[in-house]
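These entries record what I looked up in the structure, in the order in which I looked.

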Protein chains: 8
Amino acid sequence: MVTDQAELRLDPERFRRTGIAEAVYAPGKSPEQCAAAVAGLLAGGPAGPVLLTRAAPEQVEAARERNPGATETAAGLVWHALPPAPGTVLVLTAGTGDLPVAREAVAVLAAYGHDSTLVADVGVAGLHRVLAQRRRLAEADVVIVVAGMEGALASVAAGLTGAPVIAVPTSTGYGSGLEGVTALLAMTASCSPGVTVVGIDNGFGAGCAAVRTLRPLTGGPR
Amino acid sequence: MVTDQAELRLDPERFRRTGIAEAVYAPGKSPEQCAAAVAGLLAGGPAGPVLLTRAAPEQVEAARERNPGATETAAGLVWHALPPAPGTVLVLTAGTGDLPVAREAVAVLAAYGHDSTLVADVGVAGLHRVLAQRRRLAEADVVIVVAGMEGALASVAAGLTGAPVIAVPTSTGYGSGLEGVTALLAMTASCSPGVTVVGIDNGFGAGCAAVRTLRPLTGGPR
Amino acid sequence: MVTDQAELRLDPERFRRTGIAEAVYAPGKSPEQCAAAVAGLLAGGPAGPVLLTRAAPEQVEAARERNPGATETAAGLVWHALPPAPGTVLVLTAGTGDLPVAREAVAVLAAYGHDSTLVADVGVAGLHRVLAQRRRLAEADVVIVVAGMEGALASVAAGLTGAPVIAVPTSTGYGSGLEGVTALLAMTASCSPGVTVVGIDNGFGAGCAAVRTLRPLTGGPR
Amino acid sequence: MVTDQAELRLDPERFRRTGIAEAVYAPGKSPEQCAAAVAGLLAGGPAGPVLLTRAAPEQVEAARERNPGATETAAGLVWHALPPAPGTVLVLTAGTGDLPVAREAVAVLAAYGHDSTLVADVGVAGLHRVLAQRRRLAEADVVIVVAGMEGALASVAAGLTGAPVIAVPTSTGYGSGLEGVTALLAMTASCSPGVTVVGIDNGFGAGCAAVRTLRPLTGGPR
Amino acid sequence: MVTDQAELRLDPERFRRTGIAEAVYAPGKSPEQCAAAVAGLLAGGPAGPVLLTRAAPEQVEAARERNPGATETAAGLVWHALPPAPGTVLVLTAGTGDLPVAREAVAVLAAYGHDSTLVADVGVAGLHRVLAQRRRLAEADVVIVVAGMEGALASVAAGLTGAPVIAVPTSTGYGSGLEGVTALLAMTASCSPGVTVVGIDNGFGAGCAAVRTLRPLTGGPR
Amino acid sequence: MVTDQAELRLDPERFRRTGIAEAVYAPGKSPEQCAAAVAGLLAGGPAGPVLLTRAAPEQVEAARERNPGATETAAGLVWHALPPAPGTVLVLTAGTGDLPVAREAVAVLAAYGHDSTLVADVGVAGLHRVLAQRRRLAEADVVIVVAGMEGALASVAAGLTGAPVIAVPTSTGYGSGLEGVTALLAMTASCSPGVTVVGIDNGFGAGCAAVRTLRPLTGGPR
Amino acid sequence: MVTDQAELRLDPERFRRTGIAEAVYAPGKSPEQCAAAVAGLLAGGPAGPVLLTRAAPEQVEAARERNPGATETAAGLVWHALPPAPGTVLVLTAGTGDLPVAREAVAVLAAYGHDSTLVADVGVAGLHRVLAQRRRLAEADVVIVVAGMEGALASVAAGLTGAPVIAVPTSTGYGSGLEGVTALLAMTASCSPGVTVVGIDNGFGAGCAAVRTLRPLTGGPR
Amino acid sequence: MVTDQAELRLDPERFRRTGIAEAVYAPGKSPEQCAAAVAGLLAGGPAGPVLLTRAAPEQVEAARERNPGATETAAGLVWHALPPAPGTVLVLTAGTGDLPVAREAVAVLAAYGHDSTLVADVGVAGLHRVLAQRRRLAEADVVIVVAGMEGALASVAAGLTGAPVIAVPTSTGYGSGLEGVTALLAMTASCSPGVTVVGIDNGFGAGCAAVRTLRPLTGGPR
């Protein structure tokens, strides 16, 4: 006999515990499961933003229909975005191919009420482009660097700012980039002290790390 | 003809630019070079703490003799530590073998004026040990997690706090730990949103990342 | 001249020898070969359950048509499932994406007469979820942990039970999970003494390992 | 200010929780720390065997002096070994170079009261050697297979027994064995259903896994 | 100005030089290029067998139309197969999924006039299957072992014969087999002295290696 | 609020700075973005050749329509190719499967005014083919070697010429070639002193490296 | 209770079974164990050559003292070398650093009665050196190629002979050679059809493979 | 019988063929072999510089005694250095730990008559240091970049010059640098078009590549 308890185990307390509410990661779930998970998280009243990430169109549709009030963002649907909060994040990308990952981070930040400035295509092959961002780098509360290939932008940016630098290796490019592994290794071996790294293509994680980092400014869960 | 400009290129402005002064990394330098590099960084008057890291005894001795006023720390000699600053960092280790890396991070934090609490040996095989730190985890401004083997402590700790979590994979253990590569990969693949990672055994980098993260509380270079 | 003896070599004695009957692994076989292999294993009378695993619809259909009496399970078609036997297995998954692999293990167990309880979505980012399973963990005869990403659930669960823990790394997730290699390495480097590991996505193997482990309770082949 | 709580966090409840008492892993600890850790675990009265593993001579000496009553084993010093318990384990090695890892497993088993039979040098290049162990393989409650190089013995042994098979990849050999990684991968990819694997050279872990597996026969903590 | 000499450079002397005629590897060539390459190799009169390997249907068709007299084999089309020659090759596969690679080797052997016996599905999980081939193993002039997963069959077979053993790792299976890399490493780390290995899925190369090995019996190019 | 500055950051000065104008890498850009990027680079008047690389048909079409005057090449569309310049490059490929990568290099050279001679299919299995190129090898100003599999042609060619040798590993072949990683490692470990290597399948990079190498003959930007 | 059967399990029948007698691999054995193993293999009267390989001086001494009549060779001590047998092996090395591995193969061949010609330092950077061996390559019964770095010599040699080519990757060199892994991968990806490969630095294995290959000339065990 | 032709095979024509004379790589050679190899290369009269590289003191001494007239350099002893030739090479290092590799390249260049400028410690963490070299970068005929860790300096430097850029990954650093593999991958994945790469720590190879690249200015062998 199989006792099947394979239902989703929602974690509605996560927002109060960690300042980041549970997100519904769509891949591997049916449209109904997606819709139900969102509903479950919304059930107890607003406890942080609810995100449905990496959803296919039919998952989006099912979730939307059952749970009105969603906003569509680059990180997926969002319910109950937080009101504006202090803290500005500068998101840099090395190339335009890194934009989808960067936009995912931006959308997470927006859901948590944080402003961000997204500046694309400042890879180090033309160094003046990142140097032109020096003021923004100096003033940002957090800097997110999104880069594939050799990921050198993380080291360069970290040398130009005292802000926390969160690097996101991407799988853009081909061949020697090894689908992001090269950038991951390079960023964790950075010569600029204090660079930190999240997983390959993990714009969602970078956004969450930035939300954590901004906690001193926001005072945590609101 | 060889034009040799192989002398050290000191970067005394780095503290003003990034809030973290240049450190002198001893390996590969002669005792005299170490002493001279420290002297050079001290020359212009106090511009942030000066650290001499990973130095052998004869390098320590030479640097000390030429540059009085150093304090010995787990991260090496320190001159011009900053006065106390707000911000408390909780440093957790999975095992006692991770302590040298953890103490390096602690010493960097001390040099920049930050308090820290170092709690060792709270690996997840006995979960009550990390659960006993829940209050500290909730109150810390930054959490550094130092772990080798499978590095699971990073994911667990991040689920218990809203603070930024900086994970340091270590090469402790043997065999399947692959000298830290296993923990590095596992930490960057963490299921807890917002974990960030520095390089293998890089306690210095973790300390610097924490200093950056605390900038909103300190207001940067002092 | 080619002497072709490329026919399947069935191993009908395997059940008596190892307590686990030969299974027919469908990929790479024609529908007819699948049907014939099942028929061959059934020919000598019941000698343990016969499973047809990872079969495509046309393979399923051919096997079914020629060999009546099959039950459809998450591990494929099953003929001659064993009667109920003592021993309960707790199957935990870190996320819902790990369910197909977990269900394959559950189905193997069912074919051999063992009860199992499948509890999904207890990943360590919300530790209370696995802690809520403490009683089940303490009472299970065997625990199977199915997890991708960094696979930390295996270490945590093994710290909460004295039962044998069989960990299954999965390829769920993307990027730094390296299609299951990260979880495989992490699980074999676990800090919890006594965790054992099977291959990536190998729910079938985990089920078989559990059947072996339960032999003291069943007395072997029945 | 550094709040230093870097002392060992002993887990005296682990034996009652998991049936396996905490062991003191010596590397990275001072002789005094080793002695104190053992003393701490012994303090509350017998709660399972206490092992000091991978200790250097001066660590052994310090621990022994402070804590009388130890027995020297291949897995290190043992205090409070358990009385004889049911369950026999067959430990096979492919070569004689695998013996230190195998003896570590044997010693863990002895500490927990289990008999074991250690049969060395039955690598598959001379298949009659493992075939001569067929009776023992059929009768064992658990089989541990210790092998380096290509680790083929695990697959072969698992085809000859219905007992649980715990495979330990070793770093013996050179070159293409990649210090145990080749055997680790091979064992997790075994064609024999139900092989489980622990970390490279992890004889201690294999012993613990066997103790867990024998729990149905012993009824757990005694 | 581009001087384009990108035409195929045929090597019609290769058969006389190495006993193995140049083969036309179809992938990346247009149907016309395939047909022309075959024509070119046939142009100077019979100089060893001409094979067109890994060709898609339209490549096969074009080559056939322009160059009559081809025989279709598992290794592709063959023109001018050699007359029967002494030397018998035993080709073993671990599973049925390895058959396409094994048949490619068999077809190369047939093109060079050598008999072969193909015995499938003798993987080591049921050892009696390979033991039943002991006579064939003892009598074969060359043994080719084709296996994926952990590739253990190569070590076992080599312990049962004094013939040269050529092992072919295959990408069959999934997960921990790492698309053949696990078997490749395991086979080159074999504990059976004298196993040699060709590339992953390289049945063509194994066939050629066997032709080379049989040269003492054939006296080379005919 | 999101400040979006995700537009392309063109680098029109790159040609004057490095002698190689910025190229528009199409993947990840919309047809309109491709067209606009080309237009932007052409806007300031001729400043080196403008290339649109790896473009899909609809990207090609959009770029062409908005920016007349393009030539179609193996490296994509080219505007403002430079007039003929001194310097001849010999491009060798090991097999015909390496041709697309080689042609990309040839097209980059043509855009910068350099002649090249492309000689395909001179792999080392038939050594006379590369030996027949000895005169060309001795006379070339630069040699580019394009090879997959084991990449041995780079070492052999470099032993026959005093010209700079730029090696391009390709992902042609299968299995043990590991999608170009084997050739990449082999080429960087070459026993011929002075071989240099670019990324896997990076014909564009090899062409650019050759343009840089020819600068002493051309005097740089024209 | 531990039943210890950890004694060596000698395989005196191996010579009759496989034509290659068991060798005593010294690492990990005490001098006495070495001496006893040799004595055991010699006990039943001559059954093929007995080799003691990779032995340290004290192991050599103990074995020699107990078992008179040994000859010292590059593969270690040898007792009962076989009388001269037909078959000549050409052993080529790319560099002089590869000589120890090559000499091990030569010594194995000598123990089995086979002549060999060892030609060192014919790496492909100066191609005339291997071309000067064309006659020897054409006439050899077996060719062994020993090379580190990129291992290109294997492909080149195999293009010049119809003999079986056994390639041995070595760990000579540094950096990108990755301690032999680069050469191992490159040799298994060779573009020359029919190259076979043994493990890294495995001169012993290459010698054994050659003995197997020469069996048609010797008729097997003598 | 063993025909031993294991003597060095000198290649005195290499200088005329490739512009780079054969060097004597000391590791693995006896002092006498080193001395003899140098003598052999000097025998026929000056045919390019003779280098003895990576020699231990006793090898240096033996070579010097037998062959007077050597100069000691960072790349080892040099006989018959070439007279001054046109072409200036800029050698940049990221850190001081990279200096030994950089000096090896400088010494090779000096032996071939080329001037070089060595500028150390211009890593990208303080970007002004490399920006201060802009003039030198623009004027150099060749740029060699020597860097470990993430190797980002190669991409940055290549964006500031039109000269050929030869990147040398080094094994300096620890942990995530993976002994140079990280830098090797990162440099071959560079976003700056036209970067080329030599092997890990291969300063000798970088020097030779630069000599090849300067051939248009020197006209080859002198």
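I first fixed my terms: I call a residue buried under 20% relative accessible area, exposed over 50%, and partly exposed in between. I also note at the outset that this is a predicted model.

**Entry 1. Salt bridges**

I searched for salt bridges over all chains and found 72. I began with the pair Arg54(A) and Glu104(A), whose closest N and O atoms are 3.0 Å apart. I then asked which parts of chain A this pair links. Arg54(A) lies in the loop between β3 (50-53) and α3 (57-66), whereas Glu104(A) belongs to helix α4 (residues 99-111), and the two are 50 residues apart. The pair thus joins distant parts of the chain.

Next I looked up the accessibility of both partners. Glu104(A) has a relative accessibility of 6%, so I entered it as buried. Arg54(A), at 35%, is partly exposed.

I turned to chain B, where Arg9(B) and Glu7(B) form a salt bridge with 3.0 Å between the closest N and O atoms. Arg9(B) is buried because its relative accessible area is 12%. Glu7(B) is partly exposed, with 42%.

In chain E, I found a salt bridge between the side chains of Glu7(E) and Arg9(E), at 3.0 Å from N to O. I recorded Glu7(E) as partly exposed at 41% and Arg9(E) as buried at 11%. I also noted one network in chain A, in which salt bridges with shared partners join Asp11(A), Arg14(A) and Arg17(A).

**Entry 2. Contacts between chains**

How many residues does each chain bring to the contact of chain B with chain A? I found 35 residues from chain B and 36 residues from chain A. The two chains bury about 2,700 Å² between them, and 54% of this area is on carbon and sulfur atoms. On the side of chain B, I looked up the leading contributors: Pro193(B), Arg212(B) and Arg215(B) supply 24% of the area that chain B buries against chain A, more than any other three residues. My count of salt bridges between chain B and chain A is 0.

I then checked two other pairs of chains. Chain A and chain D share no contact, and their closest C-alpha atoms lie 19 Å apart. Chain B and chain G do not touch either, with 15 Å between their nearest C-alpha atoms.

**Entry 3. Strand β7 of chain D**

I asked whether strand β7 (residues 115-119) of chain D is mostly covered or uncovered. It is mostly covered, as 4 of its 5 residues are buried. Within chain D, strand β6 (residues 88-93) pairs with β7(D) in the parallel sense over 5 bridges. I followed the chain from β6(D) through helix α4 (residues 99-111) to β7(D) and recorded a right-handed β-α-β crossover. Leu92(D) stands opposite Val119(D) of β7(D).

β7(D) also runs parallel to strand β1 (residues 2-5) of chain G, and 4 bridges join the two. Here I noted Asp4(G) in β1(G) as the bridge partner of Leu118(D).

**Entry 4. Cysteines**

I searched the whole structure for disulfides and found 0 over all chains. For Cys34(C), which is in no disulfide, the nearest cysteine sulfur is that of Cys208(C), 18 Å away. Cys34(C) is buried, with a relative accessible area of 0%. Cys34(G) is likewise in no disulfide, and the nearest cysteine sulfur, that of Cys208(G), is 18 Å away. I entered Cys34(G) as buried, at 0% relative accessibility.

Methods
Residues numbered from 1 in each chain as written. Chains lettered and ligands numbered in written order. Predicted model: local features only at pLDDT ≥ 70, side-chain atom pairs only at ≥ 80, totals over all residues. Heavy atoms only, no water. Buried < 20%, exposed > 50% of the residue type's maximum accessible area, 1.4 Å probe, protein only. Pairing = 2+ DSSP bridges. Right-handed = clockwise from strand over helix to strand, strands pointing away. Disulfide = S-S within 2.5 Å. Contact = heavy atoms within 4.5 Å. Buried area = accessible area lost by both parts, 1.4 Å probe. Salt bridge = Lys/Arg side-chain N within 4 Å of Asp/Glu carboxyl O.
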